[in-house]
Amino acid sequence: MFRGDDGDEGLPGPVVLSLVLLGAMFGMASPGDGGWWPHPVAWLAFGVQAVHCLPWTVRLRGAWTLAAQLLLAPWSGVPGFAAASVLLLVRRPVRWVVFALVVAGAALPAADSPYGAANGAGNALAQGLTVYALTRLFHRYAELHAARDRLASARVTEERQRAARDLDAALGVPLAAVLRLAAAGDAAGVAATARRAAAGVRRAPEPGPVAGAPDGPLPAPVLPVLVAVHLGYLAVGVVYLAERHLAPLPLAAALGALAAVTGLQVRHSLPRPPGVRPAGYGWTWALQCVLAVAVLFGPGGPHPQLLAFAAASALVLLPPAAGWPVLGAAVVAAGAVGGVAAVDVVTIALVCYGLALLTTMVHLVREARRALAELAVARERRRIARDVHDLLGSGLAAVAVTAELAVRHPAAGHLARAAALAERTLGELRAVPADGAVLDLAAELAATEALLTAAGITLERVGAPQDVPPGDRPLLAAVLRESTTNVLRHSTATRCVLTLGPHGLRFANDNARPQHGTSGNGTPNLTTRAAARQAAFSSGPDGHGGWTVELSLPASELATTTTSRTI
């Protein structure tokens, strides 16, 4: 199929609608003075129908445009437009009564001929139902396309609510227990509870795949319309053959071919996901073509519907490079065989193709919406997992370290400090599922100085938080928190050196313990955070028994900061 806007497969919706409307008009409209070109009244009916079909003309349509279309129907020769307009604008259940009256009225101009009456009513039925279904499908396509981001936002909100419940059960309960134990003066209990919770956070697996929820059924009654349209064409074909007064055997053969070709067309056109073809479609389409061509030269005379069905199946089943030439060949064949109007072949083929194509477009945009929502949820899960590890895990580790200090030095005020850290971590817990906890670099620096001092570690600092670009301070705060936690957990450090500035951050400590196996999620998470700010993050031994963590901000940040200070 052709590619439409935004890379979706298929012709753009307005083009599909326009092709079907033009095909219906040229196939059924009253001719003008030129003999084959539609009468100006038909073009007026075409314009009114476009107003009824296109989503951006909703303010122009109303009772007066419907009345105009109904009044134009007898002179335009396209009662299918009036039938479609009734279905689109009249309320249930009256719409179907009025629709039936319009279809019945389409048979009156040729009431003296059974085939002429059946053909007029059948065309009005088929065109009315098809234009109605195509319009509904295109409107649904436009709505889904416009609402893609809203679905992703709704799924992210659901994910945040789920994460909030899970985090409260997994970490909120332990933190509440920590506060109760701290109030009771149980430093050992605080340390043990915080350690268990921190270990659980750091062992937490990566989020699994996001399951996509079904998007509901197609909005327009595609399958009923598809069946009704083909039944209408089948009924017209039966009346056509009955008027030929064929012998019993040729009549049975012609009726069998008519039923087979129509049934195969329904099978080929059934709604299905994009890229999916009915089993054995190559053989069934070949059979359809053989039967359609055979009937052209049968004793009953040419029958335009069967050739049109074969051409429509080519458009639905084959690649565009093959489908459209087949339609062209069918049109040429129709012109070469007397009694078959080439425009009838084009009209019926476009009607069938339009239904199948817009159904595919709706499937595609629904899949795009679902994929965008799943991607947004997956990103949100990764963001929450990083925040839980980097912020809450480090916060709980700090609570545990401070509580252990309180066990060794009960009179030094460490237990109160541990309770304060637990309160801070509980607040961050509530912020993580929302938009994420935003760390304050100055507050994090103060907490780092207090923790290291309590642990007997000297901190030498160069620079201040205000030297760092404001937009990068939360990132540096996260790096500083993780670095401090790792010093307390993985070293016997006596001295740390912290350098802050517009270039970023450098944190070094002595007496690092050798690390074996995997280093956990801290370094990958901080690397991801740094990359989001176009910064570089590194963490590793310094070659002298110590450990160095460094975050380098991009040159553009340095230039901006330097320029602002020069001014």
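User: Is Leu441 buried or exposed in this predicted model?
Analyst: The model is predicted, and Leu441 lies in helix 16, residues 441-454. Buried means under 20% relative accessible area. Leu441 has a relative accessible area of 2%, so the residue is buried.

User: Which residues is Leu441 in contact with, leaving aside its neighbours within four places in sequence?
Analyst: Leu441 belongs to helix 16. The C-alpha atoms of Leu441 and Asp472 are separated by 9.3 Å, although these residues are 31 apart along the chain. With neighbours within four places left aside, the contacts of Leu441 are Pro465, Val468, Arg473, Leu476, Ala477 and Leu480.

User: Is Thr484 buried or exposed?
Analyst: Thr484 sits in helix 17, which covers residues 473-490. Not counting residues up to four places away in sequence, Thr484 touches Thr448, Leu451, Leu452 and Phe507. Its relative accessibility is 3%, and the limit for the buried class is under 20%, so Thr484 counts as buried.

User: Which residues have the most contacts inside the largest nonpolar core?
Analyst: In soluble globular proteins, nonpolar side chains tend to be buried together. The largest nonpolar core here has 82 residues. The residues with the most contacts inside that core are Phe81, Phe99 and Val345.

User: How many residues are in the second, separate core?
Analyst: Phe99, from the largest core, is in contact with Ala83, Val86, Leu87, Leu125, Gly128 and Leu129, leaving aside its neighbours within four places in sequence. The second core is separate and includes Ala194, Val388, Leu392 and Ala400. The number of residues in this second core is 63.

User: Which residues make the nonpolar surface patch of about 310 Å²?
Analyst: One member of the patch is Leu223, placed in helix 9, residues 222-242. Leu223 has 43% relative accessibility; partly exposed is the class between 20% and 50%, so Leu223 counts as partly exposed. The patch is made by Leu223, Val227, Leu231 and Leu270.

User: What is the N to O distance in the salt bridge between Arg383 and Asp387?
Analyst: Both residues lie in helix 14, residues 342-408, four residues apart, about one turn of the helix. Arg383 is buried at 15% relative accessible area, and Asp387 is buried at 5%. The N to O distance between their side chains is 3.0 Å.

User: How many residues apart are Arg529 and Asp387?
Analyst: Arg529 forms a salt bridge with Asp387, with the closest N and O atoms 2.4 Å apart. The pair links distant parts of the chain, with Arg529 in helix 18 and Asp387 in helix 14. Along the chain, the two are 142 residues apart.

User: Which residue forms a salt bridge with Asp472?
Analyst: The closest N and O atoms of this bridge are 2.9 Å apart. Asp472 lies in the loop between strand 1 and helix 17, and its partner lies in the loop between helix 18 and strand 4, 61 residues apart. Asp472 is buried with a relative accessible area of 0%, whereas the partner counts as partly exposed at 33%. That partner is Arg533.

User: Which residues are joined into one network by salt bridges that share partners?
Analyst: The structure holds 15 salt bridges. Asp387 has a salt bridge with Arg383 and another with Arg529. The network joins Arg160, Glu380, Arg383, Asp387 and Arg529.

User: What is omega for the peptide bond that joins Arg92 and Pro93?
Analyst: Most peptide bonds are trans. The bond between Arg92 and Pro93 is cis, and Pro93 lies in the loop between helix 4 and helix 5. Its omega is about -15°.

User: What is phi of Gln534?
Analyst: Most residues other than glycine have a negative phi. Gln534 has a positive value and is placed in the loop between helix 18 and strand 4. Gln534 is exposed, with a relative accessible area of 63%. Its phi is near 60°.

User: Over which residues, besides 557-567, is the pLDDT below 50?
Analyst: The mean pLDDT of the chain is 81, and 86% of its residues reach 70 or more. Where pLDDT is low, the predicted coordinates should not be read in detail. The stretch with pLDDT below 50 that has 27 contacts beyond near neighbours in sequence is residues 1-10.

Methods: Residues numbered from 1 in each chain as written. Predicted model: local features only at pLDDT ≥ 70, side-chain atom pairs only at ≥ 80, totals over all residues. Heavy atoms only, no water. Core = buried A, V, L, I, M, F, W, Y, C linked by side-chain atoms within 4.5 Å. Buried < 20%, exposed > 50% of the residue type's maximum accessible area, 1.4 Å probe, protein only. Contact = heavy atoms within 4.5 Å. pLDDT = per-residue confidence, 0-100. Patch = residues over 30% accessible without salt bridge, like charges linked within 9 Å, V, L, I, M, F, W, Y side chains within 5 Å. Areas by Shrake-Rupley, 256 points an atom, 1.4 Å probe, with all protein chains shown as cover. Salt bridge = Lys/Arg side-chain N within 4 Å of Asp/Glu carboxyl O.
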